[in-house]
Amino acid sequence: QHSLLHQFVPKGMMASLLPWAPLLSVPAVLTYNHVFADTDATFNSEHVKSVVESLSLEYDAHGGSVVACALHLIMPWSAFLVLIVSARGRYAMNVHVKVQGVLKRSLTLHAAAAFLYSLMIELAPQLLTAMFGLKQLPATDTVFVMKTAFADLFFVLGVCCMLMALQDTVPRWTTWVPLVQCVYNVMNDYRWSNHSSVSGGVAVNHRLNTVDGGIFVSLVISYTYAHFNAVIVTDDARKRK
């Protein structure tokens, strides 16, 4: 039986409208801010202007610039574009590869590191900062939102890597996701330790760079090796399974 909604909505319209459903949250958020939120939290043009100005001051405070930050971003973007441009033949995105050996071990280690970071950020942030010799962050709303968002992203990364490690075969393009993430992470390790215009001459504690950098540099090497030495699985072989 059709629901009451289907009696009034033309056939096929529901399927075409559903992908746009998340956009409904935009007027809902704006309405909430206008009606219920405090005046200081109201989302308006002055608020946007102040945010932009604060970002500029953030770079100035660290003795850096947007240009210097953009130059560092060349590293992960280049890795991503190289993979896309070279995606042909045995390196095509839709080619299936076996999850074994170096690739399986790399995915498992990657998942374990992501899950560990997620749990420590959520459950023991003080322990995490103490281990790496970082300063304690102030208990502000902004820090709380960023902390939970970081934990969310690490958890999803761990889930993706673990699910891939449990498969027999995966499309090649899925193996690029953890590789590019590791390249971005290595870029961060470089920025944290480098006394450059971005860091303002103040390096993050070397324990963090050594541990985190060691993990993700080794993962970049392992994923790159697995990319060029992956065992291709033909369509006939996958169908027989």
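**Cavity, pocket and helix crossings**

Author: In this predicted model, the lining of the largest cavity has 4 nonpolar residues, 2 polar and 1 charged.

Reader: Which residues of the largest cavity's lining are these, and what makes one of them charged?

Author: The lining consists of V97, L103, R172, T175, A226, H227 and A230. Arg counts as charged, so R172 takes that place. Val, Leu and Ala count as nonpolar, which puts V97, L103, A226 and A230 in that class. Thr and His are outside both lists, so T175 and H227 count as polar.

Reader: How much space lies in the largest cavity, and which helices each supply at least two residues of its lining?

Author: The space is about 40 Å³. Helix 10 and helix 11 each supply at least two lining residues. The structure holds 1 cavity of 30 Å³ or more.

Reader: What lines the second largest pocket, and how do its residues divide by class?

Author: The pocket holds about 170 Å³ of space. Its lining is made of A79, V82, L83, S86, Y91, L179, V183, V220, T224, H227 and F228. Helix 6 (74-85), helix 10 (172-193) and helix 11 (206-229) are the elements that give two or more residues to that lining. Helix 11 gives the most, with 4 residues. By class, the lining has 8 nonpolar residues, 3 polar and no charged. Tyr counts as nonpolar, so Y91 belongs with the 8.

Reader: Why is helix 6 called roughly antiparallel to helix 10?

Author: Their axes come within 8 Å and cross at roughly 155 degrees. Angles over 145 degrees count as roughly antiparallel, so the pair qualifies. The crossing is right-handed.

Reader: Which residues meet where helix 6 packs on helix 10, and how does the contact divide by class?

Author: From helix 6 come M75, P76, A79, F80, L83 and I84, meeting W176, L179, V180, V183, Y184 and M187 of helix 10. That contact has 12 nonpolar residues, no polar and no charged. Trp, Tyr and Pro count as nonpolar, so W176, Y184 and P76 are included. A79, L83, L179 and V183 also appear in the lining of the second largest pocket.

Reader: What makes helix 7 roughly antiparallel to helix 9?

Author: Helix 7 (residues 101-123) and helix 9 (residues 141-165) pack at about 155 degrees, with axes 8 Å apart. That angle is over 145, so helix 7 is roughly antiparallel to helix 9.

Reader: Is the crossing of helix 7 and helix 9 left-handed or right-handed, and which classes of residue does the contact have?

Author: Helix 7 and helix 9 make a left-handed crossing. Their contact has 16 nonpolar, 5 polar and 3 charged residues.

Notes: Residues are numbered from 1 along each chain as its sequence is written. This is a predicted model: local features need pLDDT of at least 70, side-chain atom pairs count only at pLDDT 80 or more; totals for chains, interfaces and linings use all residues. Side-chain values use heavy atoms; hydrogens and water are left out. On a 1 Å grid over the protein atoms alone, a cavity is a set of points where a 1.4 Å probe fits but cannot get out, and a pocket is an open set with protein on both sides within 12 Å along at least five of seven lines; lining residues have an atom within 4 Å of a point. Grid points are joined across faces, edges and corners, and a volume is the space filled by probe spheres set on the points. Axes are lines fitted to C-alpha atoms, for helices over the stretch in contact, and angles run from 0 to 180 degrees between N-to-C directions. Angles under 35 degrees count as roughly parallel, over 145 as roughly antiparallel, 65 to 115 as roughly perpendicular and the rest as oblique. A crossing is left-handed if the near helix is turned anticlockwise from the far one by less than a right angle, and right-handed if clockwise. Contact means heavy atoms within 4.5 Å.
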